[in-house]
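Trainee: I would like to go through the labels attached to this structure and ask what stands behind each one.
Mentor: Go ahead, one label at a time.

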Amino acid sequence: MTKVKVLVRGTYVLMKKELKENFLSPMVYILSALFCILMGWLFFNYLIASKELTDQTLTQSVLLPIFGNMNFIFLFLAPILTMRSFAEEKKLHTLELLLTSRLSHFEIIIGKILANFITSAFMISLTLIFPIVLAMSGYSHWSIVFSSYGGVLLSVLCYITVGCFASSMTENLVVSALLGFCILLGLMLFSITGNATNNLLLAQFFQYLAIPFHFESFVRGGIRSFNFIYLFSFMGFFTYLTHLSLESRRW
Amino acid sequence: MSLAIHLKDVTKVYPGVTALDNINLQVKKGTIHGFIGPNGAGKSTTMKIIAGLIPPTSGFVEVDGIEALKNPSEVSGRIGLLPEQPPLYLGMRVEDYLRFSQEINGAQEEGQALLEKIIERCRLQDVRKRLIGNLSKGFKQRVAMAQALVYGADIIILDEPTVGLDPNAIVDVRDLIHELKKEHTILLSTHQLHEVARICDEVTIIDKGKILRTGPLEVIQSEFSAFKTYEVLVKSLSQTLKDSLRAKSFIQGLDILDHPEGKLLRIRVQGEDDIRGTLARDIANECSLLEFRERKMELEEVFREVVRD
Ligand SMILES: Nc1ncnc2c1ncn2[C@@H]1O[C@H](COP(=O)(O)OP(=O)(O)O)[C@@H](O)[C@H]1O
Ligand SMILES: [Mg+2]
């Protein structure tokens with residue numbers, strides 16, 4: 001019991017520090033502004049394009065594409081958000097401070113992932129204005145909105161895990177961000193590979209490995225248990241890789 | 001006296017480099033232990049191993065009698081490390097940084113009191129609310145030292161704490177180290193010997209991953225003092241004097257330099273006996289002696305002598 005308490009405490013301490021760092025730097029605000037402008041413009045366009053304002057069409061022609069786009073944009077934003085997490089600590093030698101402390105690798109990694117996740121959640125929360133606007137025009141299909149937000153958050157969490165791993169591989173921020181993109185884009189390509197094969201089993205296998213495939217289940221409102229299993233094992237895998245990467249610094 | 005740090009047959013091999021070759025090191029509790037060696041000797045590597053930052057390739061590490069490699073979490077709170085590169089978050093305020101260091105090392109109940117004490121001791125009162133990135137190098141170094149002290153570790157490891165500081169800042173850091181002696185065991189690395197001579201009780205000399213000498217400062221120093229250099233200024237130098245000096249058995253080397261007032265003899269002497277009297281008389285008999293002084297041999301030079309054989 002006390003062990004769990006210590007674990008939570010260590011994670012919390014680091015998360016607090018990371019959050020402070022994130023929100024004291026202009027990066028978050030620049031990214032948020034960009035994100036808002038982009039999303040607002042998309043929302044406006046989709047809204048104009050959809051002629052009849054019924055629940056059915058609003059879901060189909062506005063919400064689904066909006067969440068799809070949000071997810072896609074975070075493919076780029078997440079590695080930028082996370083690029084500092086380990087790379088900068090290495091560059092400034094502060095990683096030694098963390099590694100000689102009582103904190104375990106696990107606490108360090110989870111603390112950083114959570115801090116970046118909360119930062120992303122803050123950015124995503126700025127889009128809550130869309131459902132509110134829709135509500136004013138009488139939209140009432142809330143379950144799909146909830147599950148879509150859930151889907152976006154989970155898939156962004158995956159991106160952040162990958163971004164943190166990329167950051168732990170290098171001391172260079174640009175390399176870190178690019179590496180993050182590349183891994184995420186590479187994973188996206190799985191679904192295209194899936195489409196290109198004639199073998200149904202192989203196609204399904206590749207599809208299963210791509211995050212967007214699972215994300216779609218959330219947006220369509222057809223969440224299965226294997227979606228969760230995939231997303232959590234994905235995060236577990238990259239958290240473990242990050243741990244190995246930190247460990248390898250010790251030779 | 002019990003040991004704060006005990007390394008037994010520690011070897012560290014980096015890919016292609018043997019950084020430490022079977023070293024044994026004992027640091028007694030309550031002492032300031034100087035760890036001297038030229039760059040690349042393996043000082044930082046040793047300190048990182050003690051602090052648990054990297055594992056040794058083979059060997060044992062004991063901290064306060066605890067097996068450090070098997071109980072890393074037990075040991076981490078007992079050791080405060082100031083790495084070679086001060087690990088500072090430049091965007092944090094001094095106070096917040098120190099509190100963060102307390103928190104990640106398991107803050108105790110009396111944390112706040114300790115924080116105040118360390119801030120005062122490191123003389124950081126005036127800068128406690130300032131961003132670390134805006135401080136001068138000397139202050140940064142003191143903040144980094146405060147970081148190692150602020151969670152109540154008994155053993156403090158300082159890796160070249162005075163490198164790159166201006167003379168005033170060096171004095172400050174040295175005073176601080178001296179003050180810490182009352183409550184802490186300190187392992188201090190440096191490549192400048194005169195620093196060690198002022199503050200250390202015990203000294204270990206390391207070069208190329210091997211321990212060359214270890215022991216109380218006086219013992220090592222007396223070994224050093226076997227090498228002495230006298231500088232003698234004479235108006236002119238006769239051949240007979242030159243020959244007679246060269247013939248003396250205790251004179252190891254004789255350099256003759258030009259000097260505006262005549263000739264400067266630099267005489268290197270080995271042995272414990274005080275031969276200044278005889279030497280001065282001999283020279284004064286032959287020519288006019290203007291000046292006779294012992295040249296404080298830079299410990300660097302002495303060090304080179306020791307390392308040579
Ligand atoms: N991470 C590393 N990888 C490979 N070699 C290293 C590494 N760190 C140190 N070394 C080598 O180990 C030796 C000892 O280095 P170090 O302990 O830093 O010496 P010092 O601190 O006494 O200057 C040097 O030859 C150095 O090149
Ligand atoms: Mg060094």
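Trainee: Why is Leu7(A) called partly exposed?
Mentor: This is a predicted model, and the value is computed from it. Leu7(A) has a relative accessibility of 34%. Buried means under 20% and exposed means over 50%, so Leu7(A) at 34% counts as partly exposed.

Trainee: What makes Leu7(A) part of a nonpolar patch?
Mentor: A patch takes residues with over 30% relative accessible area and no salt bridge, and nonpolar side chains are joined within 5 Å. Leu7(A), at 34%, is grouped with Val4(A), Val8(A) and Phe106(A). Together they have about 350 Å² of accessible area.

Trainee: Which element gives the largest share of that patch?
Mentor: Helix α1 of chain A, residues 2–24, with three residues. Leu7(A) is found in helix α1 of chain A.

Trainee: How do you know that Glu21(A) and Lys17(A) form a salt bridge?
Mentor: The cut-off is a side-chain nitrogen of Lys or Arg within 4 Å of a carboxyl oxygen of Asp or Glu. For Glu21(A) and Lys17(A) the closest N and O atoms are 3.8 Å apart, so the pair qualifies under the 4 Å limit. Both residues lie in helix α1 of chain A, four residues apart, about one turn of the helix.

Trainee: Are these two residues buried or partly exposed?
Mentor: One of each. Lys17(A) has a relative accessible area of 5% and is buried. Glu21(A) has 22% and is partly exposed, because the limit for buried is under 20%.

Trainee: What other salt bridge does Glu21(A) form?
Mentor: Glu21(A) also pairs with Arg84(A), where the closest N and O atoms are 3.5 Å apart. This pair links distant parts of the chain: Glu21(A) is in helix α1 of chain A and Arg84(A) in helix α4 of chain A (residues 84–91), 63 residues apart. Arg84(A) counts as buried at 17% relative accessibility.

Trainee: Which residues make up the network of salt bridges?
Mentor: Lys17(A), Glu18(A), Glu21(A), Arg84(A), Glu88(A), Glu89(A) and Lys112(A) are linked in it. Over all chains, the structure holds 28 salt bridges.

Trainee: What makes Lys129(B) and Glu95(B) a salt bridge?
Mentor: The closest N and O atoms of Lys129(B) and Glu95(B) are 3.1 Å apart, and the limit is 4 Å. Lys129(B) lies in the loop between α4 (111–121) and α5 (137–149) of chain B, and Glu95(B) in helix α3 of chain B, so the pair ties together parts that are 34 residues apart in sequence. Lys129(B) is exposed at 55%, whereas Glu95(B) is buried at 9%.

Trainee: Which atoms are called protein donors of the magnesium ion (ligand 2)?
Mentor: Ser44(B) supplies OG, and Glu84(B) is listed twice with OE, at 2.0 to 2.8 Å from the ion. Donors are N, O and S atoms within 2.8 Å of the metal, so these atoms qualify. Ser44(B) lies in helix α1 of chain B (residues 43–51) and Glu84(B) in the loop between β6 (79–82) and α3 (94–104) of chain B, so the pair ties together parts that are 40 residues apart in sequence. Ser44(B) counts as buried at 17% relative accessibility, and Glu84(B) as partly exposed at 38%.

Trainee: Why is the phi of Asp9(B) singled out?
Mentor: Most residues other than glycine have a negative phi. Phi of Asp9(B) is near 50°, a positive value. Asp9(B) lies in strand β1 of chain B, residues 3–14, and counts as partly exposed at 42% relative accessibility.

Trainee: What is the phi of Lys208(B)?
Mentor: Also positive, near 50°. Lys208(B) is found in the loop between β9 (202–207) and β10 (210–216) of chain B. Lys208(B) is exposed because its relative accessible area of 65% is over 50%.

Trainee: How do you know that β1(B) pairs with β2(B)?
Mentor: Pairing needs at least two bridges, and eight bridges join β1(B) to β2(B) (residues 17–28), which run antiparallel. One of the bridges has Thr18(B) as the partner of Val13(B). The two strands form a hairpin with two residues between them, and Gly16(B) in the turn has a positive phi of about 85°.

Terms used:
Residues numbered from 1 in each chain as written. Chains lettered and ligands numbered in written order. Predicted model: local features only at pLDDT ≥ 70, side-chain atom pairs only at ≥ 80, totals over all residues. Heavy atoms only, no water. Donors = N, O, S within 2.8 Å, 3.2 Å for Na, K, Ca; no water. Buried < 20%, exposed > 50% of the residue type's maximum accessible area, 1.4 Å probe, protein only. Patch = residues over 30% accessible without salt bridge, like charges linked within 9 Å, V, L, I, M, F, W, Y side chains within 5 Å. Areas by Shrake-Rupley, 256 points an atom, 1.4 Å probe, with all protein chains shown as cover.
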